[in-house]
Structures are given as structure tokens and as C-alpha cells.
Amino acid sequence: MNKKEIIEILKAQNSDEVFKYADHIRRKYCGNIVHLRALIEFSNFCKKQCLYCGINAKNKNVKRYRLSEEQILNTALIAKEIGFKTVVIQSGEDDFYDIKKMCSIIEKIKKMDIALTLSLGEKTKKEYKAYKSAGADRYLLRIETTDKKLYKKMHPGCDFQNRINCLYSLKELGFETGTGILIGLEGQSIESIASDILFFKKLNADMVGLGPFIAHKDTILKDAPCGSTELALRAIALTRIIMPNINIPATTSIETLLKDGRKIALKCGANVVMPNVSPNIAKENYCIYPNKQGICISNKTEFENLRNEIKSLGDEISKDFGISKNFVAQKNL
Ligand code: SAH
């Protein structure tokens, strides 16, 4: 698909056919399988000032917290015991966890025989390399937008090229690499979303997360309208059609804005759910946007409930680590 065609579909009135086709492609290439990732939000300290984000450094109303290594490991172990095969550890950009601290956490989680995804923001290549050597498998770093002007506006003091370089370093170091964007940022055009999707392809991303922007009252964008869930679903469907064998989550921000958003996204090309398993202090204070409605799982009963929901969609929970088929294909080249 070229940019013009992508734009046409993003702008179309009725997307039913596109959603149906994306669902067909997902089932053909990735099977009737949904991968679960246990999300641990381990620190909301952040040195960045991203205009849209509720935990940005400027927000004085955030109750900041950091989980200790022990708390992170305990949470990961509980997730494993409940049945998860992947743990994602995410934080603001928090230099408290230096290379030594992070590598210690990574090594210990990997001893649990579980796949590990990191989402810690922009780090140096040296740091990424150390995380990889310590055993981390995957890394999530959304590009957020490929519109350079918009990127600059949304991320004061940040360098677009550095974020791009981070993504290419992660790929080069052998991480299963995830990226993605916000949908509906003030000033974002449909044309730029089409370019974003082509960027995922160019990077050869293994995972792509797309979610609508949700305004947070303590940010400069407090009065900006939220992103359209319909547009986000269209972008998910198009990404699936263009990149048939990658992993795509049903994002929490879709769930937050749209009733049954998780189920709907899983019918439009998504094949991953990331339930929150964080301790309460994190659930209450990792507030990147208000009213986060994503699914939380803290015991086997809740896990089984999700299994039933997934069954009702004609899918099954994956029994393995759920490595992106796109990643496996590159390894086998
Ligand atoms: N510090 C890490 C993790 C950031 S939080 C990093 O830089 O990668 C994870 C994602 O939440 C971000 O990439 C962003 O796309 C999303 N996010 C942040 N604020 C948001 C908001 N107000 N609405 C919707 N999504 C948001």
C-alpha cells in the first residue's frame, strides 16, 4: 500500500471491510492466538516534559513512587505464577535505576524463565547493550509521531533524531523492537499518521502500539480533545494489513475511551493484551492519562476470566512466550 492509499482508508467513512480484512490477516499469519503481557509500572519519576503525559517532570501534583528491586521481582514472580509468560517493566525516564540496578533486575527476572520487555525510554546505546547482555528480550519505545515539527513541539528539549537512533540501535542489538504512536495529538494530520505507518514498516518493527491521546488535567494539553478511537482502530487495522506478522496490542487508551475497546481492537488486527499487574501504589500514581481503564489482573481467577473473554472472541491464550513472528522470520534469514 502506498501513502495515498493509506490516507484514503484512514479518511474513509465506513471501515467495516478494512476491520474484517485486518482480522482475517491477523488470524492467517498469527493464528487464533492472543499473547498476554503482564505490565509492571515500576517508577513514575520522569525527567522529560512531554506535553501530553501526566507524569511529566513539570507536574507537581504527581505523587512520585519507585518500586524497590524486591517489589519488582515479587510482582514479576506473582505474574509468572498466575500464568503470564512475559513481563513488561515500564517507567518514566528515571536515572535512579542506573545500569547496575537495571541489569540486576533484568538478570533476576530472567532467572524466572519468563520473557522480559523493557520500556524505559531513551537510553544510551551502551545501556541498551548492557540490558541485552543481562538477558532482556524486548524493548518498547514509541516514536509517538514522525512529524518532526509536531514531535519537537510535544517533546521540549528532545531530539527526534535521537529517538530514531535509539530504535535503530535496539534493532541492531537484537531486541524484539516495539514502537508506536499517539493518535489525535493536537496538530497531527492524517497524512502524518500514514507516514508513521510507513515508518513502522521501514524500521521493520516487531511490535506496534497505537493508542488515542487522552487529555490529562495537569498538562498543557488539558483542554485538547481526545484522539478518535475509530481512527486508532483504522490505524491498527492498516498496520496489521501492511505488517501481517508483527504483534499489536489492544491498547489501554482504546479501552479507556471505548466501551469493549479491548474486544473490538482484538477484532481489528490486534493480538496482544497487556494486563496491569502493578502494586496499588503504581496503579494509583502511574497516571499518564486519567481514568485508565485497562484490565488489571492480580490472581488466577481474574486470569481465567480473561481466558474466557478471549475464548468468546474465537481466540486462545498463547501457551508460549509469544515472540513476534516478524522477529523469528528475521532470525531465520
Ligand atoms: N518513558 C517511557 C514510557 C512512556 S509511557 C518511554 O518514553 O517510552 C508509555 C506510553 O504512554 C508513551 O509512549 C505514550 O505514547 C503513552 N502516553 C503518554 N501520555 C499519554 C496520554 N496523555 N494519552 C495517551 N497515551 C499517552
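This is a short dialogue on reading a sheet, its helices and a ligand site in a predicted model.

Q: Let's start with the sheet. What holds the strands of a sheet together, in general?

A: Strands of a sheet pair through backbone hydrogen bonds, and the pairing is either parallel or antiparallel. In this model, six strands form an open sheet in the order E2-E3-E4-E5-E6-E7, with parallel pairing.

Q: Which strands stand at the edges?

A: Those are strand E2 (38-43) and strand E7 (207-212). Each has a single partner strand, so one side of each is left without a neighbour in the sheet. As you step from one strand to the next, the twist averages 20°.

Q: Could we look at one pair of strands? How many bridges join E3 to E4?

A: Strand E3 (residues 86-91) and strand E4 (residues 115-119) run parallel and are joined by five bridges. To find your place, look for Ile-89, which stands opposite Leu-118 in E4.

Q: Which strands does helix H3 lie across?

A: Helix H3 (residues 69-82) lies across E2 and E3, and runs at about 170° to E2. Helix H9 (residues 229-242) also packs on the sheet, where it touches strand E6 (176-183) and E7. The direction of H9 makes about 165° with that of E7.

Q: Now for helices that meet each other. What describes two packed helices?

A: Two things do: the angle between their axes and the distance between the axes. Take helix H7 (residues 160-172) and helix H8 (residues 190-203) here: their axes come within 11 Å and cross at roughly 35°.

Q: Which residues of H7 and H8 meet?

A: From H7 come Ile-164, Leu-167, Tyr-168 and Lys-171, and they meet Phe-199, Lys-202 and Leu-203 in H8. Sorted by type, the residues of this contact are five nonpolar, no polar and two charged.

Q: Let's finish with the ligand. How many residues surround the ligand, and which are the closest?

A: There are 18 residues around the ligand, and the closest are Tyr-52, Ser-91, Arg-142, Glu-144 and Ile-214. The shell divides into 10 nonpolar, five polar and three charged residues.

Q: Where do polar atoms come in? What lies 2.6 Å from a polar side-chain atom of Glu-144?

A: An oxygen atom of the ligand does. The side chain of Arg-142 has an N or O atom 2.8 Å from an oxygen atom of the ligand. With Ile-214, look at the backbone instead: one of its polar atoms is 2.8 Å from a nitrogen atom of the ligand. Taken alone, the ligand exposes 550 Å², and the protein buries 91% of that.

How values were computed:
Residues are numbered from 1 along each chain as its sequence is written. This is a predicted model: local features need pLDDT of at least 70, side-chain atom pairs count only at pLDDT 80 or more; totals for chains, interfaces and linings use all residues. Side-chain values use heavy atoms; hydrogens and water are left out. Axes are lines fitted to C-alpha atoms, for helices over the stretch in contact, and angles run from 0 to 180 degrees between N-to-C directions. Helices (H or I, at least four residues) and strands (E, at least two) are DSSP runs, numbered from the N terminus. Contact means heavy atoms within 4.5 Å. Ala, Val, Leu, Ile, Met, Phe, Trp, Tyr, Cys and Pro count as nonpolar, Asp, Glu, Lys and Arg as charged, and the others, Gly among them, as polar. A residue is near a molecule or strand if one of its heavy atoms lies within 4 Å of it. A polar contact is a pair of N or O atoms within 3.5 Å; within protein, one must be able to donate a hydrogen and the other to accept it, and residues adjacent in sequence count only if both atoms are side-chain atoms. Accessible areas come from the Shrake-Rupley method with a 1.4 Å probe; for residues, only the protein chains shown count as cover. Two strands pair if DSSP finds at least two bridges between them.
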